[in-house]
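Dear colleague,

I am handing over the structure we spoke about, and the notes below it go through what was found. Please have the structure open while you read them.

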Amino acid sequence: MTGADDRAAAFVARMDGAAWSEADEAELQAWLAEDPLRQGLLLQVQAQWYALSAAPAEETAALMQDNGEAAPARPARFARRGLLGGIAASAALVMTGLHWRGGPSVYATKLGEIRRLPLPDGSVMTMNSGSELAVTMAPRSREIELAQGEAWFEVAKDASRPFVVAAGDVRVRAVGTAFSVRRRETGVEVLVTEGVVETWSTAPAGGPDLHLRLEAGDRATLSAHAVIDYEAGIPTSVDRSLAWRGGMIDLDGRTLYEAANEFNRYNPRQIVIADPRVAREQFDGLFRINDPEGFAEAVKASLGVALDTSNPEVIRISFDNAEENAFFGKDFSAE
């Protein structure tokens, strides 16, 4: 390993501990600012760290001691799981953590940032791009308020303290399980990867009973007054929807309109689909979250569309026909 590799590995190992501080964050930011290539390096090391999550915890301690750091006091279950951050090379690796005695801790991720954070109870949460949430750990409860975006939770078992995620009018409760919650324009989407969760709406009394029991491999989308979508026993689909945890976008037959919106969640350079026929096309493939250019080139090769990359802030996709583009010249990805 090079010196930069060693330093990146040391940062990743320290971030996986419970004692990551604002001073540590400042040190990381200063190191990243010295060389733009270091963000990509950090991402690579974090991906390797994440993939080795099943390795013995003793190796974690050895790695940290090799780099002159103290070994973390962490539950073995999460000992080798790193913080996955800085997915977009152009995005700043900044996480805002505001702490005050007796109140919630507030966390936010920027555009393109994905971050994995240990919680005081031994649970771990992974925040997706552009997310904001507040964490309150009380003697008899563990409460998460998801203000925007998406997060995946690995919940440490503690029957005496329910773990509840609130997203608008929707609640999700779990004990010793793993699941994600995402706020969408149409409702709140819940994906379960392990165990069982209960979800419901807090809409006023007299409305429909929206209590659902979801098991691993299930997906549901709820609003305040309805269950919008529910699918059971689709673990592969659930895992593909959560590919962002590994820095990837997995397009499972999604339309290009949906694919463009997904890339636009992570990147300052936005994809614009300027033709309804292109927007309706379906596409499969696995792409890096921070590579909208690579995705656009793949679409061009597969569908024979034209790309306009003259604007550094926009990638415009349309059929290579000037008259048709003039007729269908509407930006569907902005809807």
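A residue is called buried here when its relative accessible area is under 20%, and exposed when that area is over 50%. With that cut-off, the buried residues of helix H6 are Leu256, Ala259, Ala260, Glu262, Phe263 and Asn264. Please keep in mind throughout that this is a predicted model.

As an overview, the protein has nine helices and 20 strands, and buried residues make up 47% of its 335 residues. Among contacts between residues at least 6 apart in sequence, 52% join residues that are at least 24 apart.

To stay with H6 for a moment, what do its buried residues pack against? The partners are strand S10 (178-183), strand S16 (248-255), strand S17, helix H7 (276-280), strand S18 (282-288) and helix H8. The last of these can be described further, since the axes of H6 (residues 256-264) and H8 come within 11 Å and cross at roughly 165°. H6 and H8 are therefore roughly antiparallel to each other, and their crossing is left-handed. On the H6 side the contact is made by Leu256, Ala259 and Phe263, which meet Pro292, Phe295, Val299 and Leu303 in H8. By class, this contact of H6 with H8 has seven nonpolar, no polar and no charged residues.

H8 (residues 292-303) also leads to a sheet, as it lies across S17, S19 and S20, running at about 150° to S19. That sheet is open and consists of three strands in the order S17-S20-S19, with mixed pairing. Strand S17 (270-273) and strand S19 (305-308) stand at the edges with a single partner strand each, so one side of each is left without a neighbour in the sheet. From one strand to the next, the twist averages 25°. S19 and strand S20 (residues 314-319) run antiparallel and are joined by four bridges; in this pair, Ala306 has Ser318 in S20 as its bridge partner.

A second pair of helices lies at the start of the numbering, where the axes of helix H1 (residues 3-15) and helix H2 (residues 22-33) come within 11 Å and cross at roughly 155°. Why does H1 count as roughly antiparallel to H2? The crossing angle is the reason, because angles over 145 degrees are classed as roughly antiparallel, and that makes H1 roughly antiparallel to H2. H1 passes H2 in a left-handed crossing. In this contact Ala4, Arg7, Ala8, Phe11, Arg14 and Met15 of H1 meet Asp24, Glu27, Leu28 and Trp31 of H2. The residues of the contact of H1 with H2 divide into six nonpolar, no polar and four charged, whereas the contact of H6 with H8 has no charged residues.

Turning to the other strands, seven of them form an open sheet in the order S3-S4-S7-S10-S11-S14-S15, with antiparallel pairing. Its edge strands are S3 (115-118) and S15 (227-231), each of which pairs on one side only. On average, and with direction ignored, neighbouring strands of this sheet are turned by 15° against each other. Strand S14 (residues 219-222) runs antiparallel to S15 and is joined to it by four bridges, and the bridge partner of Ala220 in S15 is Tyr230.

Strand S12 (residues 196-201) has two pairings that are worth following in the model. Over five bridges, strand S9 (residues 170-174) and S12 pair in the antiparallel sense, with Val170 standing opposite Ser201 in S12. Four further bridges join S12 to strand S13 (residues 212-215), again in an antiparallel run, and here Glu198 stands opposite Arg213 in S13.

Finally, one loop residue may be useful to inspect, namely Asp169, which is found in the loop between strand S8 (163-167) and S9. Is Asp169 buried or partly exposed? Asp169 is partly exposed, because its relative accessible area is 40%, a value between the limits of 20% and 50%. Leaving aside residues up to four places away in sequence, Asp169 touches Trp200, Ser201, Thr202 and Ala224. Its C-alpha atom is separated by 7.3 Å from that of Ser223, a residue 54 places away along the chain.

With kind regards

Notes
Residues are numbered from 1 along each chain as its sequence is written. This is a predicted model: local features need pLDDT of at least 70, side-chain atom pairs count only at pLDDT 80 or more; totals for chains, interfaces and linings use all residues. Side-chain values use heavy atoms; hydrogens and water are left out. Two strands pair if DSSP finds at least two bridges between them. Axes are lines fitted to C-alpha atoms, for helices over the stretch in contact, and angles run from 0 to 180 degrees between N-to-C directions. Contact means heavy atoms within 4.5 Å. Angles under 35 degrees count as roughly parallel, over 145 as roughly antiparallel, 65 to 115 as roughly perpendicular and the rest as oblique. A crossing is left-handed if the near helix is turned anticlockwise from the far one by less than a right angle, and right-handed if clockwise. Ala, Val, Leu, Ile, Met, Phe, Trp, Tyr, Cys and Pro count as nonpolar, Asp, Glu, Lys and Arg as charged, and the others, Gly among them, as polar. Buried means under 20% relative accessible area, exposed over 50%, partly exposed in between (1.4 Å probe, protein chains only).
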